[in-house]
Amino acid sequence: RAGDTMTVRIDGTKTGTVTLTGPGGLMDTFSFSGSLSRTFTLPEDMASGTYAVFATLATSTGETIGTKQAFDVAGISVKVKEAFLSKGAYAPTESLRFTVRAQSTVDLSASLRIWVRHPDGKSEFLAEKAVALTKDGLLDESSTLVFTRRSAGVHSIVYGIYKEWLLLASG
């Protein structure tokens, strides 16, 4: 789980310098002479997912040996239940009404960021809105969006739910 303390243990027959890298900015270098055990704490604000710790041994003979160990983290998980526009087609001067409904595994303050992708492939930032996600509730957030249509064609709404710069969900 996010916030847990992890232990890394490495055993081998070579000696040298080992570098450990992993989530949460883990990066440490140690002398290695056959056995090593180190602990580190996972950040509290990690998203759920699979992460890895990497170990690279630079031996005294100039050889480089690497390994990794993957592990799953039960952290922040946001699931979008639905996201939709209030209607299928809009007039060129008409404002859009966009709604997103989402659930979270933890209570947290986040940001809903919304862009439009124009038919020429270029994106335009439209809005950012502070939202509160709750463990036992459903986020039900609607936004009125205004943008200038540069050309005729299909425009797409793209959104992300972020905790600072950590992307939690998107569509």
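Buried means under 20% relative accessible area, exposed means over 50%, and partly exposed lies in between, using a 1.4 Å probe and protein chains only. The structure is a predicted model, in which local features need pLDDT of at least 70 and side-chain atom pairs count only at pLDDT 80 or more, while totals for chains, interfaces and linings use all residues. Residues are numbered from 1 along each chain as its sequence is written, and side-chain values use heavy atoms, with hydrogens and water left out.

**Exercise 1. Describe the overall build of the protein chain.**

Step 1. The protein chain has 0 helices and 13 strands. Helices (H or I, at least four residues) and strands (E, at least two) are DSSP runs, numbered from the N terminus.

Step 2. Compare the radius of gyration, taken over C-alpha atoms, with the globule rule of 2.2 Å times the number of residues to the power 0.38. A compact globule of 171 residues would come near 16 Å, but the protein chain has 23 Å. Its C-alpha trace spans about 70 × 40 × 20 Å along the principal axes.

Step 3. Of the 171 residues, 33% are buried.

Step 4. Contact means heavy atoms within 4.5 Å. Among contacts with a separation of 6 or more, 59% join residues 24 or more positions apart.

**Exercise 2. Determine whether Ser 143 and Val 78 are buried or exposed, and list what each touches.**

Step 1. Ser 143 lies in strand 11, residues 139-145. Ser 143 is buried because its relative accessible area is 6%.

Step 2. Leaving out residues up to four places away in sequence, Ser 143 touches Leu 96, Arg 97, Phe 98, Ile 114 and Lys 129.

Step 3. Val 78 belongs to strand 7, residues 78-85. With a relative accessible area of 9%, Val 78 is therefore buried.

Step 4. With residues up to four places away in sequence again left out, Val 78 touches Ala 102, Gln 103, Ser 104, Leu 133, Ile 161, Leu 168 and Ala 169. The C-alpha atom of Val 78 is separated by 8.6 Å from that of Val 106, 28 residues apart along the chain.

**Exercise 3. Locate Glu 164 and state what sets its backbone apart.**

Step 1. Glu 164 sits in the loop between strand 12 (156-163) and strand 13 (166-170).

Step 2. Glu 164 has a positive phi of about 55 degrees although it is not a glycine.

Step 3. Glu 164 counts as exposed because its relative accessible area is 58%.

**Exercise 4. Describe the linings of the largest and second largest pockets.**

Step 1. On a 1 Å grid over the protein atoms alone, a pocket is an open set of points where a 1.4 Å probe fits, with protein on both sides within 12 Å along at least five of seven lines; lining residues have an atom within 4 Å of a point. Grid points are joined across faces, edges and corners, and a volume is the space filled by probe spheres set on the points.

Step 2. The largest pocket has a volume of about 280 Å³. Its lining holds 16 residues, with Tyr 90, Leu 96, Arg 149, Gly 153 and His 155 nearest the centre.

Step 3. The second largest pocket holds about 190 Å³. It is lined by 14 residues, of which Val 8, Arg 9, Val 53, Lys 68 and Gln 69 lie nearest its centre. Strand 1 (5-11), strand 5 (49-59) and strand 6 (64-73) each supply at least two lining residues, and strand 1 gives the most, with 5.
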